[in-house]
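Reader: I would like a close look at a single part of this model, with its local surroundings set out step by step. Please take one position and build the picture outward from there.

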Amino acid sequence: MNWKPGLALIAIAAFPAAAMAQTTETGTVAVEGSVRPVCILGDPNPALVDLGQLSASSGIRAGRIAVIPTQTVTLPGSYCNFAGSVVTVTATALTSDDTSSPQAGFSRAVNYTASASNWASGASSATTAALRDGSSPTANGTGATQPLPKVADITLTLSAFTAPGDLILVAGNYSGTVVVTLGPAAIPSEEY
Amino acid sequence: MRRNAAFLTAALALALPSLAQAQTVAGDTDSKTVGIVGTVPAMCFGGTLSGDGTFDLGVLVDLTTGQLRTDLAAPDKVLLGSYCTSRSSITVSATPLEAQNYVSTPPSGFSRTVHYLATASGWTTTPASYDTGAATNNAATQTRNTAFTGDITVAISNFSTSGGSTLRLVGDDAYRGVVTVTLAAVN
């Protein structure tokens, strides 16, 4: 194995000459390529969930959070072309556009549970736990690993809407986000 | 030479999986964001009135003079658990105590009306107040700049006979007035 790179180049150049010396010769040319591992999420439908009025307008719970039905968002045709993928959900509580600290007895945050299903066994869920002043609004959840390449419609459900301490909600426009991430179960260290 | 060429080929083949693994890190994750919105309208709740909702002053006059008692008083009323979810105003208005049966103009020396001051405190720094005998009541409406929940105390005081303290009140078993407290959301 006292091999040197210069020797290999000489050997390759010598092959055509050897072929001409025989009647039949079979050569092999390797054809190679790669398929890049990729995960694609379908565009959320709907991309914006409008819950309408969050507070009850009459009755004993007037001013406090109303019963908000479960909301469903579909991410159609989502796929990963490799084994070992997971869905992660990052949910941010709804908070009022009035960022001032609320008076005692009031909340400017609405918490909820975001759950992404139909990818692996179980679901990827995150339940926000913002405080009444809107602080600490974000929660994460990662589901089980999908052991095979898969294409599916991922269903995102938003449910269990609550206000911290069931306090009265401050008037205003509220907004939050859910980020759904589809990717490898464990990201190896980069080896470039 | 053939052995050397085969070694080179094997070396290249081994290198390819390593390249693919590096790409896994680079671009195999996708994220999508879903927005959530909702609204909470401005609303106010006047609270639950303590007691039976009536200021019972009893007999209004000093039985020896026939004039308005100077020690008239009644326990405060409380609006429990009042709230507004936004900036708000509180307004108090009142009607004087008037004889309900003796409705004609009383004769000289008599009156059928008692004025008083109604206040609503606990909501704003300066209580809202309304004097039934005053021509104007600039303090009747007070504004609070933040959402608030709490109890509102409603009181009546400063009783006076309409027309002057020397007048006597006409006999009637029902003198009545009304105090109204209004909470309103303000944009």
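Author: Val186(B) is partly exposed, because 13 other C-beta atoms lie within 10 Å of its own, whereas a residue counts as exposed at 12 or fewer and as buried at 20 or more. The model in which this is seen is a predicted one. Along the chain, Val186(B) belongs to the segment that follows β14 of chain B, and, once its neighbours within four places in sequence are left aside, Val186(B) is in contact with Arg87(B), Ser88(B), Ser89(B) and Thr143(B).

One of these contacts, Ser88(B), stands opposite Ala185(B) of β14(B), and the strand β5 of chain B, which covers residues 88-94, pairs with β14(B) in the antiparallel sense over 7 bridges. These two strands are part of an open sheet of 3 strands in chain B, ordered β10-β5-β14 and paired in the antiparallel sense. Its edge strands are β10 (141-144) and β14 (179-185) of chain B, each of which pairs on one side only, and from one strand to the next the twist averages 15°. In general, the strands of a sheet pair through backbone hydrogen bonds, in either a parallel or an antiparallel arrangement.

A longer separation can be given as well: Val186(B) and Thr65(B) are 121 residues apart along the chain, and 48 Å separates their C-alpha atoms.

Turning to the nonpolar core, the largest one has 76 residues, and those touching the most other members are Val110(A), Leu156(A), Val178(A), Val180(A) and Val92(B). Not counting residues up to four places away in sequence, Val178(A) touches residues including Leu156(A), Val34(B) and Ile36(B).

Notes: Residues numbered from 1 in each chain as written. Chains lettered and ligands numbered in written order. Predicted model: local features only at pLDDT ≥ 70, side-chain atom pairs only at ≥ 80, totals over all residues. Pairing = 2+ DSSP bridges. Helix = DSSP H or I, 4+ residues; strand = E, 2+ residues; numbered from the N terminus. Axes fitted to C-alpha atoms, helices over the stretch in contact; angles between N-to-C directions. Contact = placed C-beta atoms within 7 Å. Core = buried A, V, L, I, M, F, W, Y, C linked by C-beta atoms within 7 Å.
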